[in-house]
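Subject: The structure to look at

Hi,

Here is the structure to look through before we next talk. Have it open on your screen while you read the notes below.

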Amino acid sequence: MRLIPKLIREVMKNIVRKPATLQYPKVATKVAKGFRGKLEWIADKCIGCGLCAMDCPSGAIELIPINVSTTEKPEYRRLPVFHYYRCIFCYQCVESCPTKAILPSTVYDLSSYDKENLIRKPSDEEKSIILKKFKKGGGKK
Amino acid sequence: MSVINLIFGPQHPALHEPELFRFKVEGEIVVKAEPRIGYVHRGIEKLFERNSYIRGIYLSERICGICNAAHTVCYCQVVENALGIEPPPRARYLRTIVHELNRIHSHLLLLGVAAEELGFDTLFMLIWRDRELVMDLIELVTGNRVMTAFNTIGGVRRDITPEVAEKCIKALSKLEERVKYYRKVFEEDPTIRRRTVEVGVLPRKEAIKYCVVGPMARGSAVDVDIRRDWPYAAYDEIPFNVIVRDECDVWARLMVRVDETIEAINIVRYALEHLPKGEIRLPLRRAVPPAEAVSRVEAPRGELIYHLISKGGTIPYRLKVRTPTLANLLAAAKLFEGNTIADIPAILVSIDPCFACTDRVTLIDLKDNKVKRVSLRELARRCRK
Amino acid sequence: MNTWLSLLLKSVIFPGFLFIFAFALFVEWFERKLTGRMENRMGPSYTGPFGVLQPFADFIKLLQKETIDVRSMSTRIVDFMIIASLSLYILCALFIPYTGKSVLSFDGDVVLVSLLLSLASGLLYFAGLLSRNAFTVVGAVRLLLQVVALDIPLVLLAIVPVIITGRFSIVEIAHRMPESLIYAPFLIPFWLVALMFEAITEQAEIERNPFSMPHAETEIVAGYITEFSGVRLALVNLARDVQLTVTSSFLASIFLSGLLRPVSNMAMFINVVLLILETLLIVFVATEIKCITARLRIDIALDLFWKYIIPLCTLLVILLFSVKVIAL
């Protein structure tokens, strides 16, 4: 057993070394290429089958009947709504989706003061795409 | 001297998860220790019975965040056993790689925590700084730093490309150098040795009596390792050493972990170099026929057992999980007695406690050692008592 | 009348309270920043340039927080002990020749200051004991054991410069130290050995690793400080900073004055700066030791003191004395 602490050299070196800390808000964190970040949904490909919602372990995807009509007469389609605050980023939905309508991304800075910002509902544009795509059919409610 | 009740927890700097230990101390000497588990009971086993097998993968991952790869490997294996399928060879190798990366990260975490509990903050910071290397690797291979979500029923979800493999090998050799340095620190540093050598001695006989598992058993000269004794994934094809030490003290348990980290680096390297070609997963099967299956895995903290009963359909009938900390905790409670207050954190950290894993459902009457089933109402009544 | 006024001014403003307050907070920042760098972290970096105002911000923040009176705590006595301890540390500061002269000085104040420093720690022991919590009691008992063990080497080591210089007051020691060592170079080895022991003893005095048992956070939460909050905690923290500063300044002035001050009669300003630099040097060494060691157990530490350091220090003093007598 030696009497002199082993770390003495390393600690002396550390004084002149640059700190290992990454000052996050000032410097963006680099993430790996395949990082599982925020999910994106492509209205064009979605068929509203609901497999994603069925397989989602945390209930972050809900299939909700949404009024996609642009006219007075309401038309409802069952579309996925993403609750990012529940998402555990396992990407089971990406895997389960038969038409690859859910896209992965590496976006990781999701924090928000408002819970509403963390819910992804189909936008008006996406609604019109859906409306065009499924002119006939779709559950009425 | 009067006896003081020293209560550790549920909130205490030495405990990183809520759990309660009641110590009776005379001066500095602990005369009695009582663990009281159950603060992080989350009803996970019941949740398994309400979620499909696919959701279960991610649920099992959340039993323990640190050894999540071990939990998913075990879960997927138990479902595969029930289905009677075997994942393709490449998947088995990939599973091994992620499992071992997970072990490296878990052991380095523990070694850092051990340094912190001994009051050695610098070593803690430095180990955790170098642990980032393996965290980055896990992110590169699986897509997240901690939660791997890598295994699935019948294989794995991602493949490793040659570039990634090359990066892994490069980073691992850097990491190996660092781990070897820390091995020297743990081996030679006088203050660490004074705090850990011959502290919390668990003789081999006691270790067998209390059925301790994992590094705790191997630190007490009990030569058990599920990876070798009951090989799963690709462990039957990969050569590796089981590290056993016979000092039986806190220091030996820490050294087992340091050496296992180096061994794990070698395993990953071997697996990356000998990665077989082919499919990485079988087609998804959602339903499981009526069956009963068991799976054992050597998690970083010791032997992990899953027991599945299926009555057909897409939802398990019952899934029982036995985590390593539960096996080790009772022995640890004995270890405290006769040691000083200062040794409490050292001993506690040497069992690498993961209380979130431990707290599921067991109700044991300590007075007559009977396992009882009680209703929720009675449980509430007892808690009030 | 005039002398009283000047004494009051001195004890409140310049080498007294205000100066020590600012200097102590600066020393805390220095220690924290250095610890951070040694651990390859940032250390305080946002409040003020390089985070230098962080300890001050922490102090103000704690003053704003609610002070919780624990039912079992004997509040008045605890408060008295904390303030008395802080005042004793500041009293010690008055003996230290920051400007080249000290406010208070008499023959033999070296021993007095060594004892006062221990007494002030002893008062914190009462504060901890009277909080009557399992953690504070254990912490306080550890503190007392440690203070008792380190008191002897501290006084013994304070005698070393006395023997080297042949003077009994801190001011004169500080002035005579350089020439004494130059005229009698055979004393330098003794001086170096004494410095080494002093580094270890100071570590115990200021409760840093490897002797941080009285407030070992992973064992007994915060030791004797556990039950303090708000203003009380702010004052205890301040007392501990002042303790670090005054102890380091005291050691700097009796041991290191030869290192940076070859000339004994210098301008007041330069003297202040030099003594501060010497203090920081001692803090640097203390931080370095803190960063490379794990916390010892109290029994190991006491073993170390009673079995090794105290006999060796006694031996050192006897040897030094005989050498000095023979040389004369």
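Start in chain C, just after helix α2(C): C:Asn40 has a positive phi there, about 60 degrees. By the way, what you are looking at is a predicted model.

Now go back to the helix itself. α2(C) covers residues 17-38, which makes 22 residues. From the first C-alpha to the last, α2(C) reaches 31 Å, close to the 32 Å expected at 1.5 Å a residue.

Which residues of α2(C) meet α3(C)? They are C:Leu25, C:Glu28 and C:Trp29, and across from them in α3(C) you will find C:Gln54, C:Pro55, C:Phe56 and C:Phe59. Sorted by type, the residues of this contact come out as five nonpolar, one polar and one charged. The helices pack at an angle of about 115 degrees, and their axes are 8 Å apart. In the numbering, α3(C) runs over residues 54-64.

How sure is the predictor about this part? Within chain C, confidence is highest in α3(C), at 90, and lowest in helix α7 (residues 170-183), at a mean of 77. The average pLDDT for chain C is 83, and 96% of the residues score at least 70. For the model, the scores are ipTM 0.85 and pTM 0.87.

Next, have a look at where chain C meets chain A. Ten residues of chain A are in contact with ten residues of chain C. On the chain A side, seven of the touching residues are nonpolar, two are polar and one is charged.

Chain A also has an open sheet of three strands, in the order β2-β3-β5, with antiparallel pairing. Which strands sit at the edges? Those are β2 (61-67) and β5 (119-120) of chain A, and each pairs on one side only. Between β2(A) and β3(A) (residues 76-83) there are seven bridges. To find your way along this pair, look for A:Ile66, which stands opposite A:Arg77 in β3(A).

Last stop, chain B. Strands β2(B) (residues 20-26) and β3(B) (residues 29-36) run antiparallel and are joined by seven bridges. One pair to click on is B:Arg22 with its bridge partner in β3(B), B:Glu34. The two strands form a hairpin, with two residues between them. In the turn, B:Gly27 has a positive phi of about 65 degrees.

Shout if you get lost anywhere!

Cheers

Notes
Residues numbered from 1 in each chain as written. Chains lettered and ligands numbered in written order. Predicted model: local features only at pLDDT ≥ 70, side-chain atom pairs only at ≥ 80, totals over all residues. Contact = placed C-beta atoms within 7 Å. Nonpolar A, V, L, I, M, F, W, Y, C, P; charged D, E, K, R; others polar. Axes fitted to C-alpha atoms, helices over the stretch in contact; angles between N-to-C directions. Helix = DSSP H or I, 4+ residues; strand = E, 2+ residues; numbered from the N terminus. Expected span 1.5 Å × (residues − 1). pLDDT = per-residue confidence, 0-100. Pairing = 2+ DSSP bridges.
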